[in-house]
Amino acid sequence: MVSKRASWRGVALVLCMAILFAACQPVPHYQKHEAIPHNAWDYNFKPSFTFDITDSNSVYQPYFIIRHTQAYPYNNLWMWLYIKTPGDTVATKARINIVLADAGGKWLGRGMGEIYEQRMPFSLGDSVDLSRPGTYTIALEQNMRINPLPEILHIGVRVEKVAPRGMRY
């Protein structure tokens with residue numbers, strides 16, 4: 001039989017490990033997810049993510065976040081990405097390909113049961129740089145041949161402060 005003191009030590013050890021693990025994860029500057037209605041992403045559903053940059057002395061890395069089921073029928077996702085930077089009246093449009101599975105069909109990212117989540121860095125191109133202070137808006141539109149696109153649960157955007165400008169890790 002395990003004593004109460006030993007069981008509390010086990011609980012305390014697990015709690016300390018969880019805190020240490022959480023401390024290793026970078027805190028996002030911004031992160032937001034949108035649920036896909038009926039788990040089928042229609043061309044007309046174009047979620048938008050708005051965030052502010054105040055520290056122009058830092059480098060920021062944007063990430064695309066997707067949650068899908070294992071029944072998603074493709075190994076990638078083509079999207080239109082629209083970004084409006086501070087002072088712009090019109091968004092810049094770029095087509096990007098997000099790879100969701102390797103050549104053998106194994107899902108990338110983290111899986112839990114039938115659901116997979118992947119967080120991938122993406123480039124906004126040489127013309128877009130998250131360095132000017134102000135409000136940025138990123139909108140996402142699915143651009144696959146099938147509409148609606150089945151088995152997509154959530155999509156989102158995450159922005160992390162990577163390093164002070166001029167410094168690289």
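The following dialogue examines how terms are applied to this predicted model.

Colleague: What should be known about the model before its features are discussed?

Modeller: The model is predicted: local features need pLDDT of at least 70 and side-chain atom pairs count only at pLDDT 80 or more, while totals for chains, interfaces and linings use all residues. Residues are numbered from 1 along each chain as its sequence is written, and side-chain values use heavy atoms, with hydrogens and water left out.

Colleague: What makes strand 5 and strand 6 a pair?

Modeller: Strands are DSSP runs of E with at least two residues, numbered from the N terminus. Two strands pair if DSSP finds at least two bridges between them. Strand 5 (residues 76–84) and strand 6 are joined by 8 bridges and run antiparallel, so the requirement of at least two is met. Within this pairing, Trp-78 has Asn-97 of strand 6 as its bridge partner.

Colleague: How do you know that strand 9 pairs with strand 3 and with strand 5?

Modeller: Strand 3 and strand 9 are antiparallel over 6 bridges, with Asp-52 opposite Thr-135 in strand 9. Strand 5 and strand 9 are likewise antiparallel and joined by 6 bridges; here Lys-84 has Thr-137 of strand 9 as its partner. These pairings belong to an open sheet of 4 strands, in the order 3-9-5-6.

Colleague: Why are strand 3 and strand 6 said to stand at the edges?

Modeller: Strand 3 (48–53) and strand 6 (92–99) each have a single partner strand, so one side of each lacks a neighbour in the sheet. Neighbouring strands of this sheet are turned by 25 degrees against each other on average, direction ignored. Such angles are taken between axes, which are lines fitted to C-alpha atoms; angles between N-to-C directions run from 0 to 180 degrees.

Colleague: Why is Gly-156 called buried?

Modeller: Buried means under 20% relative accessible area, exposed means over 50%, and partly exposed lies in between (1.4 Å probe, protein chains only). Gly-156, in strand 11, has 0% relative accessibility and therefore counts as buried. Contact means heavy atoms within 4.5 Å. Leaving aside neighbours within four places in sequence, Gly-156 is in contact with residues including Lys-32, His-33, Phe-49 and Leu-140. The C-alpha atoms of Gly-156 and Arg-67 are 8.9 Å apart, with their positions 89 residues apart in sequence.

Colleague: Is Ile-36 buried or exposed?

Modeller: Ile-36 has a relative accessible area of 4% and is therefore buried. Ile-36 lies in the loop between strand 1 (30–35) and strand 2 (40–41). Not counting residues up to four places away in sequence, Ile-36 touches Trp-41, Phe-45, Ile-152, Leu-153, His-154 and Ile-155.

Colleague: Why are Asn-39 and Glu-151 called partly exposed?

Modeller: Asn-39 has 37% relative accessibility, so the partly exposed class applies. Glu-151, at 28%, is also partly exposed. Asn-39 lies in the loop between strand 1 and strand 2 and has a positive phi of about 55 degrees, although not a glycine. Glu-151 lies in the loop between strand 10 and strand 11, and its phi is near 70 degrees, a positive value in a residue other than glycine.

Colleague: What makes a group of residues a nonpolar core, and which members touch the most others?

Modeller: A nonpolar core is a set of buried Ala, Val, Leu, Ile, Met, Phe, Trp, Tyr and Cys residues joined through side-chain atoms within 4.5 Å. The largest core has 32 residues, of which Trp-41, Phe-64, Leu-77 and Leu-140 touch the most other members. Apart from neighbours within four places in sequence, the contacts of Leu-77 include Trp-41, Phe-64, Ile-66 and Met-144.

Colleague: Why is the pair of Tyr-72 and Tyr-74 called edge-to-face?

Modeller: Rings of Phe, Tyr and Trp (its six-membered ring) pair if their centres lie within 6.5 Å; planes under 30 degrees apart count as stacked, over 60 as edge-to-face and the rest as tilted. For Tyr-72 and Tyr-74, the centres are 5.8 Å apart and the planes stand at 70 degrees, so the pair is edge-to-face. Tyr-72 is buried at 3% relative accessible area, whereas Tyr-74 is partly exposed at 32%. Ring pairs link both tyrosines with Trp-107 and Tyr-116 into a cluster.

Colleague: How do you know that Lys-93 lies over the face of Trp-80?

Modeller: A charge sits over a ring if NZ of Lys or CZ of Arg is within 6 Å of the ring centre and within 35 degrees of the ring normal. Lys-93 lies over the face of Trp-80 at 4.0 Å from the ring centre. The charged end of Arg-119 sits over the ring of Tyr-63, 5.1 Å from its centre.
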